[in-house]
Every structure is written in C-alpha cells, then in structure tokens.
Amino acid sequence: MDPSTILERGLGDRVRRRDGRNMAVGLDDDSVVLWDVVTPSATPVTLTGSNGPVESVAFSPGGKTLAAGSDDHTIRLWDVASHRDITALTGHTGIVNEVAFSPDGRTLASGSDDRTVRLWNMATHRSRAVLTGPTDEVWSVALSPDGKTLASGSKDHTAWLRDTAFVKPAAAIYKICQAVNRDLTSQERKVYLPDPSVGPLCRTSS
C-alpha cells in the first residue's frame, strides 16, 4: 500500500505527524494509518477504534503513544510499538479538531467544536482542566517548548494564551459559578468539569 492509495481512502484534508521513525495519517474512514518511514518496505499498519473521521494525530515525545482526535468527540490512544488500543478519552461534546502533547509527555491538550480546550493527565487518562473563552469552534492547540504556555486558535478569529501553571480545576469551577450565579446543570457539568460529580458545586447569592 502506497501513500497515494491511502489518500484515496481519506478524501479531504489530512493531518500528518512524524516522531522520527513513524508517520501517522488520520483518515475519513475512521482509521489511522501508521508508516515506518525508516523501513519503507514495511507494511503500513491500520489502527481502528474511532467511530468517526480522524481530524488530528500527534505522537508523544519519544513516539511511544499516538493520540487521535475524532469526529466522534473522543481522543483515542494507541501504543505505537504494539499497535494496542490503550483507551479513549471522553468529555468533549463536539468534534475534536486538534491534539498536542506537552514536551514532557505528561499532558495532552485538545481543542474541540464544543468551544473548549481540555488538558488531559496522561498518567490517569482523565481530564484535569476544561478551558473556556472562545465563542466558536477551537481549531488548533499547541504547548510551548517549556510546557508553561498553552496556545489555542478559534474560528472566532481569536488566539488564546494561557499559563498552564494556573490551570486548576477548582479555579475554573469558581469562575463558572461566579458567572452564572446558580448551580451547574447536568449538561454543563459534562462540558466544564474534568471529572463526574454529584451534589451542589456553586454557592448562590440570595
């Protein structure tokens, strides 16, 4: 199978990332194709698991893990060496347009049509922060070389820069509560909170 055959399967804009040895291509047929670019004669591997077109792929530093954002609102993780499907990160309520690892590989950032950016703890595979602000779809995310600054770009023509050291779930929840002056609905909890929770979160003024 050669690259031209792969692109015929995809139709549309494809995203490619290299880790020095492998190249991954996300396709519209819900799969990711992995090439060993050091050994061109090796047969490409097709990774499955997503239930929608794959919009973005990224290798972790060192190339051990591959992440893919999909139209099915999830981010799927694979072990590059074994091709094992590790897990799917869930929480976004819209298409996941972009994924990017921090330089130390401990955090994954994702941008979505749901107008949020999420930061994921790669040790626990759980969302550690939900960042709001853009008024339209988030199309791109990137972390600075030192991992301290998160950048995101939105369809609303804005770019946001955030200090990741101050991205704390408790602070985000407090900010949301201050803005709405009521407790969060079940849908809002799903969108904005990093982990499932029950019981009241916001103290409302009388």
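## Working through strands and a buried serine

Let's start with one pair: Ala151 sits opposite Leu161, a residue of strand E15. Residue numbers begin at 1 in each chain and follow its written sequence. You're looking at a predicted model, where local features need pLDDT of at least 70 and side-chain atom pairs count only at pLDDT 80 or more, while totals for chains, interfaces and linings use all residues, and side-chain values rest on heavy atoms, with hydrogens and water left out.

**Exercise 1.** Work out which strands make up the open sheet of three strands, and in what order.

*Solution.*
- Step 1: get the words straight. Strands (E, at least two residues) and helices (H or I, at least four) are DSSP runs, numbered from the N terminus. Two strands pair if DSSP finds at least two bridges between them.
- Step 2: read off the order, which is E13-E14-E15, with antiparallel pairing.
- Step 3: look at the edges. E13 (138-143) and E15 (159-163) each have a single partner strand, so one side of each has no neighbour in the sheet.
- Step 4: check the angle. Neighbouring strands are turned by 20° against each other on average, direction ignored; axes here are lines fitted to C-alpha atoms (for helices over the stretch in contact), and angles run from 0 to 180 degrees between N-to-C directions.

**Exercise 2.** Describe how E14 and E15 pair.

*Solution.*
- Step 1: E14 covers residues 149-154, and five bridges link this strand to E15 in the antiparallel sense.
- Step 2: find another pair of partners. Leu150 has Arg162 in E15 as its bridge partner.
- Step 3: inspect the turn. Four residues lie between the strands of this hairpin, and His157 takes a positive phi near 75°.

**Exercise 3.** Put the strands of the four-stranded open sheet in order.

*Solution.*
- Step 1: the order is E9-E10-E11-E12, and the pairing is antiparallel.
- Step 2: E9 (96-101) and E12 are the edge strands; each has a single partner strand, so one side of each lacks a neighbour in the sheet.
- Step 3: from one strand to the next, the twist averages 25°.
- Step 4: go strand by strand. E10 (residues 107-112) pairs with E11 over five bridges, and Thr107 stands opposite Asn121 in E11. E11 (117-121) is joined to E12 (126-131) by five bridges too, with Arg118 facing Val130 in E12.
- Step 5: E11 and E12 form a hairpin with four residues in between, where His125 has a positive phi of about 60°.

**Exercise 4.** Decide whether Ser110 is buried or exposed, then find its surroundings.

*Solution.*
- Step 1: Ser110 lies in E10.
- Step 2: its relative accessible area is 0%, so Ser110 is buried (buried is under 20%, exposed over 50%, partly exposed in between, with a 1.4 Å probe and protein chains only).
- Step 3: the side chains of Ser110 and His92 share a polar contact of 2.7 Å. A polar contact is a pair of N or O atoms within 3.5 Å; within protein, one must be able to donate a hydrogen and the other to accept it, and residues adjacent in sequence count only if both atoms are side-chain atoms.
- Step 4: leaving aside residues up to four places away in sequence, Ser110 touches several others, including Ile75, Trp120 and Val141; contact means heavy atoms within 4.5 Å.
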